[in-house]
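This report describes one protein chain by its helices, strands and selected residues. The sequence and structure come first.

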Amino acid sequence: MSDRWGREQVLGLAPDPASAKAAVGVARPVKWSNTGSDGEAVWGECQGSGKSVYRACADLTEPAFRCSCPSRKFPCKHALGLLLLWSDGTVDAGPRPGWAAEWLHGRRERAEKAAERKAAPGAEAKTKDPKTAERRERRVDDGLADLDQWLRDQVTHGLAQAENAPYRMWDDVARRLVDAQASALAGQVRGLAAVPREPGWPDRLLEEYALMRLLVRAHQRRDQLPRELRDTVRSRVGFTLTQDEVLAQGERVRDRWYVAGARDSEQDRLTTRRVWLRGRESGRPALVLSFGVPGRPLDVSLMVGTEVEAELAFYPGAQPLRALVAERLGTTAAEPPDGTSVREFLAEHAAALARDPWLARWPAMLGSVRLARSGNAGLHVVDADGDSLPLRPTDPWRLLAVSGGAPFTFAGEWTPRGLRPLSAWHEDEGVVIL
């Protein structure tokens with residue numbers, strides 16, 4: 001990988017703001033020795049406190065990191081500081097030292113062996129026990145029947161009781177769904193507890209109830225649905241596929257995928273990272289998820305502002321969106337694809353909703369937009385035709401500084417409550433992670 005990453009991209013890899021701040025402090029040439037780079041990797045030795053010297057190395061093709069320091073953060077401040085020096089052009093080319101070459105060679109060997117295991121005969125997913133699957137189907141059916149009755153009771157008795165209802169009201173229903181092995185639907189029920197705290201909550205809550213009832217009824221009539229829609233309904237309820245099953249059954253699409261944005265969310269001590277991609281040639285959106293528990297780092301291999309030449313395997317469904325990286329061929333820094341107009345984006349989103357009415361998020365890549373304030377409605381992005389989309393309440397100053405009043409390319413995550421900024425691109429600033 002010959003293209004250098006920008007400082008924004010490097011700092012976007014930091015596990016938290018404290019690590020990003022510490023990395024800036026470490027990124028001083030006087031603290032480093034024996035640095036070097038060869039296009040695929042960058043390495044160096046950083047002077048720590050006292051006599052400690054830490055060896056840091058980064059594999060630029062993934063990316064992946066190694067450091068001899070005792071930090072539990074990943075990547076640590078030394079790896080990030082080294083990458084900042086490389087980004088600034090202060091790391092010269094040179095031959096790999098033995099310790100860096102050994103680590104990189106080991107990574108390549110492990111990757112090759114993993115690929116061989118997947119390709120070996122018998123590596124495909126084992127057939128599930130029919131009796132176990134049948135028992136689970138019955139449990140899910142019973143759990144959804146209880147949920148259906150609960151939803152009807154909420155509408156019959158009116159929504160007013162929800163405004164001051166304790167969290168236990170939602171949690172009890174969610175626990176019963178977990179017991180029924182409908183975990184995805186349980187998560188949606190837990191999310192309802194926050195709705196009565198929002199402006200205009202009665203409409204929103206009724207909408208959520210209606211979508212859940214639609215899902216329940218669709219699952220009860222699953223045998224009458226087209227296969228793709230049946231796959232969508234089952235995944236929304238909580239029937240999951242293993243990665244091997246997705247790789248074997250999912251649609252494969254090879255393209256140059258621009259990494260448009262990423263966002264982390266946390267629930268029950270589980271952190272979920274959503275990474276949004278856009279195919280350069282296909283124009284197709286894709287969502288790659290990774291999960292992390294305390295002490296386990298999230299995947300940082302898809303960097304915002306880079307372009308990954310790869311083959312993705314999409315999870316089956318009526319509107320395939322989530323995907324796995326089945327094969328990665330290379331990564332380069334790149335400008336974003338040409339964005340759409342607001343009207344084109346809304347048409348794309350409407351078509352996706354027609355295929356999957358339970359979509360909660362959809363990626364937007366808008367071209368030549370400006371920022372504007374619309375009375376009390378807050379900040380909007382406005383395209384050349386004058387069409388606009390509202391931004392979710394957020395700190396506007398960074399986005400205002402990037403745009404400077406001029407048109408820019410914008411990537412965001414569209415939700416029922418507005419457009420959440422993810423990244424922006426301006427010809428004078430490059431990519432900026434929001």
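## Helix α11 and the sheet

Helix α11 (residues 342-355) lies across β10 (362-373), β12 and β13 (408-415), and runs at about 145° to β10. Helices (H or I, at least four residues) and strands (E, at least two) are DSSP runs numbered from the N terminus. Axes are lines fitted to C-alpha atoms, for helices over the stretch in contact, and angles run from 0 to 180 degrees between N-to-C directions.

This is a predicted model: local features need pLDDT of at least 70, side-chain atom pairs count only at pLDDT 80 or more, and totals for chains, interfaces and linings use all residues. Residues are numbered from 1 along each chain as its sequence is written, and side-chain values use heavy atoms, with hydrogens and water left out.

## Order and pairing of the strands

Six strands form an open sheet with antiparallel pairing, in the order β12-β11-β10-β13-β14-β15. β12 (388-390) and β15 (430-433) are at the edges with a single partner strand each, so one side of each has no neighbour in the sheet. On average, neighbouring strands of this sheet are turned by 45° against each other, direction ignored. Two strands count as paired if DSSP finds at least two bridges between them.

At one edge, strand β11 (residues 379-382) pairs with β12 in the antiparallel sense over three bridges, and V382 stands opposite S388 in β12. At the other edge, strand β14 (residues 418-426) pairs with β15 over four bridges, also in the antiparallel sense. S423 has I433 in β15 as its bridge partner. β14 and β15 form a hairpin, with three residues between them.

## P337, ahead of α11

P337 is in the loop between β9 (323-333) and α11. Is P337 buried or exposed? P337 counts as buried because its relative accessibility is 10%, where buried means under 20% relative accessible area, exposed over 50%, and partly exposed in between (1.4 Å probe, protein chains only).

Leaving aside residues up to four places away in sequence, P337 touches Y258, R278, R280, M365 and T409; contact means heavy atoms within 4.5 Å. P337 and D231 are 106 residues apart in sequence, and their C-alpha atoms are 31 Å apart in space.

## Helices α9 and α5

The buried residues of helix α9 (residues 227-237) are T232, V233 and V237. Seen down the axis of α9, these residues fall within an arc of 130°, so they line one face of the helix. The arc is that of the directions from the helix axis to the C-beta atoms. The buried residues of α9 pack against α5, α7 (183-191) and α8 (201-220). Just after α9, G238 takes a positive phi of about 140°.

Helix α5 (residues 130-157) contains R152, which is partly exposed with a relative accessible area of 39%. The C-alpha atoms of R152 and V300 are separated by 44 Å, and the two residues are 148 residues apart along the chain.

## The chain as a whole

The protein chain has 12 helices and 15 strands. Of its 434 residues, 45% are buried. The radius of gyration is 24 Å, which agrees with the value near 22 Å for a compact globule of 434 residues; the radius is taken over C-alpha atoms, and the globule rule is 2.2 Å times the number of residues to the power 0.38.

Among contacts with a separation of 6 or more in the protein chain, 61% are between residues 24 or more positions apart. The chain exposes about 22,500 Å², of which carbon and sulfur atoms supply 49%. Accessible areas come from the Shrake-Rupley method with a 1.4 Å probe; for residues, only the protein chains shown count as cover.
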